[in-house]
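Please open the structure in the viewer and keep the selection panel at hand. The stops below are arranged so that each selection leads to the next.

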Amino acid sequence: MWNDNEISKMINKDIPFPMLSDPDGAIGKMYGVYDLDGKVETRGRFIIDPDGNVQAYEVLTPPVGRNLCETLRQIQAFQYVREHNGTEATPAGWVPGKKTLKPSPALVGNVWKEWSVSEAKNK
């Protein structure tokens, strides 16, 4: 209902991932976002991979909205990492087409060097 009546009108298309309705709060209770006193769920966003593992989550109080663009960016990043079997990592703010990182012990404490080189090339 939220996609049909709200979000699709804001972005002029349907969102490209499934959303759930949880009228009895069963799913919200499983994920710890159900408010027992108010009998309502707080705003929760969970990115779950095809294997059923939670890769990311965000829980916000009702007056603060979520960022759909950031959610889509994160989904793209998780998909990219999965497609590359974990041999690539996406740095903060990564978007498709930008430089990725090769995870290794040598990278620990040196991400800033890779980030500096990447940022300099983008200017």
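**Stop 1: a partly exposed isoleucine**

The model shown here is predicted. Begin by selecting Ile27, which is located in helix 2. Ile27 counts as partly exposed, because its relative accessible area is 31% and the partly exposed class runs between 20% and 50%.

Now extend the selection to Leu20, Met30, Tyr31, Ile48, Val54, Tyr57 and Val59: together with Ile27 they make a nonpolar surface patch of about 800 Å². Two elements, helix 2 (26-30) and strand 4 (54-60), each give two or more residues to this patch. Strand 4 is the element that gives the most, with 3 residues.

**Stop 2: from strand 4 to strand 3**

Remain on strand 4 and select Glu58 together with Arg45; their side chains form a salt bridge, with N and O 3.5 Å apart. Glu58 belongs to strand 4 and Arg45 to strand 3 (residues 43-48), so the bridge ties together parts of the chain 13 residues apart in sequence. Colouring by accessibility separates the two partners: Glu58 is partly exposed at a relative accessible area of 29%, whereas Arg45 is buried at 11%.

How many salt bridges are counted in the model? The count comes to 5, and two further examples follow on this tour.

**Stop 3: along helix 3**

Select residues 68-83, which form helix 3. This helix has 16 residues and reaches 22 Å from its first C-alpha to its last, close to the 22 Å expected at 1.5 Å a residue. Its buried residues are Leu68, Thr71, Arg73, Gln74, Ile75 and Ala77.

Inspect both ends. The N-terminal end of helix 3 is capped by Asn67, which places a side-chain oxygen 3.0 Å from the backbone nitrogen of Cys69. After the helix comes Asn85, with a positive phi near 50 degrees.

**Stop 4: Arg73**

Within helix 3, select Arg73. What is its relative accessibility, and is it buried or exposed? Arg73 counts as buried, at 17% relative accessibility, because the buried class lies under 20%.

Next display the surroundings of this side chain. A polar atom of the Arg73 side chain lies 2.8 Å from the backbone oxygen of Trp94. Leaving aside residues up to four places away in sequence, Arg73 touches Pro91, Gly93, Trp94 and Val95.

**Stop 5: Arg82 and its network**

Still in helix 3, select Arg82 and add Asp51; their side chains meet in a salt bridge at 3.2 Å, N to O. This pair links distant parts of the chain, with Arg82 in helix 3 and Asp51 in the loop between strand 3 and strand 4, 31 residues apart. Arg82 is partly exposed, with a relative accessible area of 39%, while Asp51 is exposed, with 55%.

**Stop 6: Glu88 and Lys102**

Move to Glu88 and Lys102, which form a salt bridge whose closest N and O atoms are 2.2 Å apart. Both residues are placed in the loop between helix 3 and helix 4, 14 residues apart. Glu88 is buried, with a relative accessible area of 8%, and Lys102 counts as exposed, at 54%. Before leaving the salt bridges, add Asp49 to the selection of Asp51 and Arg82: salt bridges that share partners join these three into one network.

**Stop 7: Thr100**

Select Thr100, in the loop between helix 3 and helix 4 (111-122). Thr100 counts as buried, at 14% relative accessibility.

Which side chain makes a polar contact with the side chain of Thr100? The partner is the side chain of Glu88, at 2.2 Å. Beyond four places in sequence, the residues touched by Thr100 are Tyr80, Glu88, Ala89, Thr90, Pro91 and Trp94.

**Stop 8: back to the helix at Val81**

Finish at Val81, which lies in helix 3. Val81 is partly exposed, with a relative accessible area of 26%. A C-alpha to C-alpha distance drawn from Val81 to Thr100 gives 9.4 Å, for two residues 19 apart in sequence. With residues up to four places away in sequence left out, Val81 touches Gly86, Glu88, Ala89 and Thr90. Of these, Glu88, Ala89 and Thr90 also appear in the Thr100 contact list.

Terms used
Residues numbered from 1 in each chain as written. Predicted model: local features only at pLDDT ≥ 70, side-chain atom pairs only at ≥ 80, totals over all residues. Heavy atoms only, no water. Patch = residues over 30% accessible without salt bridge, like charges linked within 9 Å, V, L, I, M, F, W, Y side chains within 5 Å. Areas by Shrake-Rupley, 256 points an atom, 1.4 Å probe, with all protein chains shown as cover. Salt bridge = Lys/Arg side-chain N within 4 Å of Asp/Glu carboxyl O. Helix = DSSP H or I, 4+ residues; strand = E, 2+ residues; numbered from the N terminus. Buried < 20%, exposed > 50% of the residue type's maximum accessible area, 1.4 Å probe, protein only. Expected span 1.5 Å × (residues − 1). Polar contact = N/O pair within 3.5 Å; in protein donor to acceptor, adjacent residues only side chain to side chain. Contact = heavy atoms within 4.5 Å.
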